[in-house]
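Work through the exercises below with the coordinates loaded. Try each task before reading its solution.

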Amino acid sequence: MKKPVLILVMIKGIIFDFDGVITESVHIKSAGFSEIYKPYGPPTVKKVVKHHEANGGMSRFKKIKFYHKTFLNASLSNQEINHIANQFSEYVVDRVVNAQYVPNALEFIKHSYGNYKLFISTGTPTTEIKKILKLKKIMKYFKSVYGSPALKNDHVKVICSEYNLKSDELIFFGDSKTDMEAAAAHGIKFILRLNVHNKQFFQDYRGHKIYNFKSLDILSIR
C-alpha cells in the first residue's frame, strides 16, 4: 500500500512548532512545571499542568506570571519570573535534547529541507531552542528559528516579510491553539499534530490533522 501523500501546491515554506510536533517533549515541559509548583500542593500542580498543555505556544515567562497571580494570588517581579524560568530551563533542556522525535518527523524534515524553506516557531526562548537544535544536530535544516519573547503571530509576520513568502505559500504544523491562531491570522494552512496531551482541547477540530509523520510524504508540484 502506498503512503498517503500531502500535496503542497505552490508551497515554498513550512513552519514547525517544536515540542509535540518535532519531538515528544510536551510531557517534559509538564514535568518541569510540576516540579516548580510542587511546593504549592497537588491541586495547584494539576491546574498549572492543565493550562500549560492547553496553551503550548505561550511563553514560560507569561505562564509563570499567570500561574502565580491566578492560582497563588501572588505578584512576581521580572527578576523573580526570570529566576523561576531559569530553574525551569535547567530542568528541561537536557531532557528535551534527549527526547525522542515524533515518529518520522526527522525523516520528513530531512526529505523536505532541500525543496522548502523550513522554520521553527516556538514558545521556548530563542536562545534556548537554538541551543537545543544545535545539540540535536538539526539546526542546519532550518532557515530561521523564532522563539519567545516574540509572539508566534509576530514570528509568522517576520517569516513572510523577510523571506518574501505569501500566505498560500506556507504551511504550519502545530499542536496548540496558539499555533492554529497564528496560522489563521495570516491565512496559512494549518495541520494539527494530535497527541495524548492535546486531544482533549481539539475534540471539535475538523481541520487537517496527523498523529505522526510516519505515513506522510510530500509531493512538490511546481
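**Exercise 1: Phe213 and the cores**

Leaving aside neighbours within four places in sequence, Phe213 is in contact with Phe16, Val21, Val102, Pro103, Asn104, Ala105, Phe108 and Phe173. The model is predicted.

Task: Find which residues touch the most other members of the largest nonpolar core.

Solution.
- Step 1. Collect the core: the largest one has 44 residues.
- Step 2. Rank its members by how many others they touch. Phe16, Phe18, Ile120, Phe142, Phe173 and Phe213 touch the most.
- Step 3. Ask where the core comes from. Helix α4 (residues 78-97) gives the largest share, eight residues.
- Step 4. Look for what lies apart from this core. Another core of 18 residues does, with Ile159, Leu165, Leu170 and Ala183 among them.

**Exercise 2: The sheet**

Task: Give the strand order of the open sheet, and explain which strands have a side without a neighbour.

Solution.
- Step 1. Trace the six strands. The order is β4-β3-β2-β5-β6-β7, and the pairing is parallel.
- Step 2. Go to the edges. β4 and β7 (209-210) each have a single partner strand, so one side of each is left without a neighbour in the sheet.
- Step 3. Check the pairs around β2. Strand β2 (residues 13-16) pairs with β3 (residues 117-125) over four bridges, in the parallel sense. Ile15 has Phe119 as its bridge partner in β3.
- Step 4. Turn to β5 (residues 170-174), which also pairs with β2 over four parallel bridges. Here the bridge partner of Phe16 is Phe173.
- Step 5. Continue outward. β5 pairs with β6 (residues 189-193) in the parallel sense, again over four bridges. Gly174 has Leu192 as its bridge partner in β6.

**Exercise 3: The faces of β2**

Task: Are the residues on both faces of β2 buried or exposed?

Solution.
- Step 1. Recall the pattern. In a regular strand, side chains alternate between the two faces of the sheet.
- Step 2. Split the strand. Gly13 and Ile15 lie on one side, Ile14 and Phe16 on the other.
- Step 3. Apply the cut-off: buried means under 20% relative accessible area. Residues on both sides of β2 are buried, so both faces are covered.

**Exercise 4: The cavity**

Task: How many cavities of 30 Å³ or more does the whole structure hold, and what lines the largest?

Solution.
- Step 1. Search the whole structure. One cavity reaches 30 Å³ or more.
- Step 2. Take its volume: the largest cavity holds about 240 Å³ of space.
- Step 3. List the lining. It has 22 residues, and Asp19, His52, Gly56, Gly57 and Lys63 are the closest to the centre.
- Step 4. Assign elements. α1 (26-37), α2 (42-54), α3 (60-71) and β3 each give two or more residues to the lining.
- Step 5. Sort by type: four nonpolar, 11 polar and seven charged.

**Exercise 5: Backbone exceptions**

Task: Locate the cis peptide bond between Ser148 and Pro149, and place Asn104 and Lys137, two non-glycine residues with positive phi.

Solution.
- Step 1. Read omega. For the Ser148–Pro149 bond, omega is about 20°. Pro149 sits in the loop between β4 (144-148) and α7 (152-162).
- Step 2. Take Asn104. Its phi is about 70°. The residue lies in the loop between α4 and α5 (105-112). At 26% relative accessibility, Asn104 is partly exposed.
- Step 3. Take Lys137. Its phi is near 60°. Lys137 belongs to the loop between α6 (126-135) and β4. At 69% relative accessibility, Lys137 counts as exposed.

Notes: Residues are numbered from 1 along each chain as its sequence is written. This is a predicted model: local features need pLDDT of at least 70, side-chain atom pairs count only at pLDDT 80 or more; totals for chains, interfaces and linings use all residues. Side-chain values use heavy atoms; hydrogens and water are left out. Buried means under 20% relative accessible area, exposed over 50%, partly exposed in between (1.4 Å probe, protein chains only). Two strands pair if DSSP finds at least two bridges between them. On a 1 Å grid over the protein atoms alone, a cavity is a set of points where a 1.4 Å probe fits but cannot get out, and a pocket is an open set with protein on both sides within 12 Å along at least five of seven lines; lining residues have an atom within 4 Å of a point. Grid points are joined across faces, edges and corners, and a volume is the space filled by probe spheres set on the points. Ala, Val, Leu, Ile, Met, Phe, Trp, Tyr, Cys and Pro count as nonpolar, Asp, Glu, Lys and Arg as charged, and the others, Gly among them, as polar. A nonpolar core is a set of buried Ala, Val, Leu, Ile, Met, Phe, Trp, Tyr and Cys residues joined through side-chain atoms within 4.5 Å. Contact means heavy atoms within 4.5 Å.
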